[in-house]
Amino acid sequence: MRISRRTIMATAPALALAAAAALAGCGSGSTSPSQVPTGTAGTSQTSAGPLSGELTVFAAASLQEAFTELATHFTEHHPQVSITFDFQGSQDLVTALAEGSTADVLATASSSTMKKATEQHLVAASTEFATNVLTLIVPAGNPAGVTGLDSSLEGADLVVCAPAVPCGEATAKLATELGVSLNPVSEEQKVTDVRGKVESGEADVGIVYTTDAAGAADRVMTIALPSNSVVNHYPIAITKDSTNTGAAQAFVTFILSEEGQRILQDTYGFGAPGAE
């Protein structure tokens with residue numbers, strides 16, 4: 001299994017900033033957003049001094065753009081921390097951890113994949129930090145003339161996420177709720193691959209998260225879906241085998257902070273934690 005890897009290196013001068021308060025309840029189980037400190041990370045001082053070292057974060061593919069920017073802001077608070085990301089389908093990240101890959105933080109695109117990580121004792125307490133919903137995208141200009149989940153899909157090359165992937169699980173729920181049958185020509189292992197095939201024109205239409213549609217900008221057109229109740233909930237947790245728990249706790253706290261939430265929601269279009 002190949003996992004995309006990106007490292008964010010801090011280059012600003014060292015600041016005398018320290019770890020944010022540890023997450024409440026780092027044992028097993030889940031934690032509500034209100035139980036975790038939400039102030040800006042990097043404002044408290046500890047006897048250990050500033051945070052430093054390597055921090056590895058496994059994050060769902062749909063978080064790539066947002067988490068890359070969040071890491072830049074985080075390392076402004078903690079310039080001695082170097083962050084390496086593995087962005088992949090949530091189910092593949094959990095499998096990688098179960099097979100011995102090491103990480104400090106896991107962020108998935110669905111509560112069901114985090115539940116699997118919890119059941120395998122791979123993570124400590126998880127906390128929801130964002131939500132997301134689905135939309136249709138077509139290549140710029142909409143050459144196939146798709147108008148929605150209707151007869152316009154007949155003869156169009158539809159791509160979706162595989163059922164084991166959070167966006168695929170959500171797609172299946174959507175089809176059931178709306179009473180429609182989908183006949184995709186391809187089922188992808190991560191939502192960014194669905195977006196990529198539509199962007200390139202390899203596919204006529206795809207079902208992705210609204211955040212992925214926004215990230216594609218004018219390379220795609222968005223077609224709204226009928227009203228539905230399908231919402232993906234994104235949890236984050238520190239792994240049981242973390243070798244840099246201080247930095248991991250501070251990173252999670254930053255994601256939940258006012259600054260982190262503003263970036264996720266205002267810049268990248270994620271919904272607030274707990275949104276239905």
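These notes cover two helix contacts and a disulfide in a predicted model.

1. Helix α8 spans residues 258–267, and helix α7 covers residues 245–256. Their axes come within 4 Å and cross at roughly 60°. An angle of that size falls outside the roughly parallel, perpendicular and antiparallel ranges, and α7 and α8 are therefore oblique to each other.

2. On the α7 side, the residues that meet α8 are F254, I255 and L256. Their counterparts in α8 are E258, E259, G260, Q261 and L264. Sorted by class, this contact of α7 with α8 has four nonpolar, two polar and two charged residues.

3. Helix α1 (residues 64–77) also pairs with α8: the two axes come within 10 Å and cross at roughly 155°. Angles over 145 degrees count as roughly antiparallel, so α1 is roughly antiparallel to α8. The crossing of α1 and α8 is right-handed.

4. From α1, the contact with α8 draws on A66, E69, L70, H73 and H77. From α8 it draws on E259, G260, I263, L264 and T267. By class, the contact of α1 with α8 has four nonpolar, four polar and two charged residues. E259, G260 and L264 of α8 are listed in the contact with α7 and in the contact with α1.

5. One disulfide is found in a search of the whole structure. The bond joins C161 to C167, with an S to S distance of 1.7 Å. The link of C161 and C167 is left-handed, with -100° about the S-S bond. Both C161 and C167 are buried.

Methods. Residues are numbered from 1 along each chain as its sequence is written. This is a predicted model: local features need pLDDT of at least 70, side-chain atom pairs count only at pLDDT 80 or more; totals for chains, interfaces and linings use all residues. Side-chain values use heavy atoms; hydrogens and water are left out. Axes are lines fitted to C-alpha atoms, for helices over the stretch in contact, and angles run from 0 to 180 degrees between N-to-C directions. Helices (H or I, at least four residues) and strands (E, at least two) are DSSP runs, numbered from the N terminus. Angles under 35 degrees count as roughly parallel, over 145 as roughly antiparallel, 65 to 115 as roughly perpendicular and the rest as oblique. Contact means heavy atoms within 4.5 Å. Ala, Val, Leu, Ile, Met, Phe, Trp, Tyr, Cys and Pro count as nonpolar, Asp, Glu, Lys and Arg as charged, and the others, Gly among them, as polar. A crossing is left-handed if the near helix is turned anticlockwise from the far one by less than a right angle, and right-handed if clockwise. A disulfide is a pair of cysteine sulfur atoms within 2.5 Å. Buried means under 20% relative accessible area, exposed over 50%, partly exposed in between (1.4 Å probe, protein chains only).
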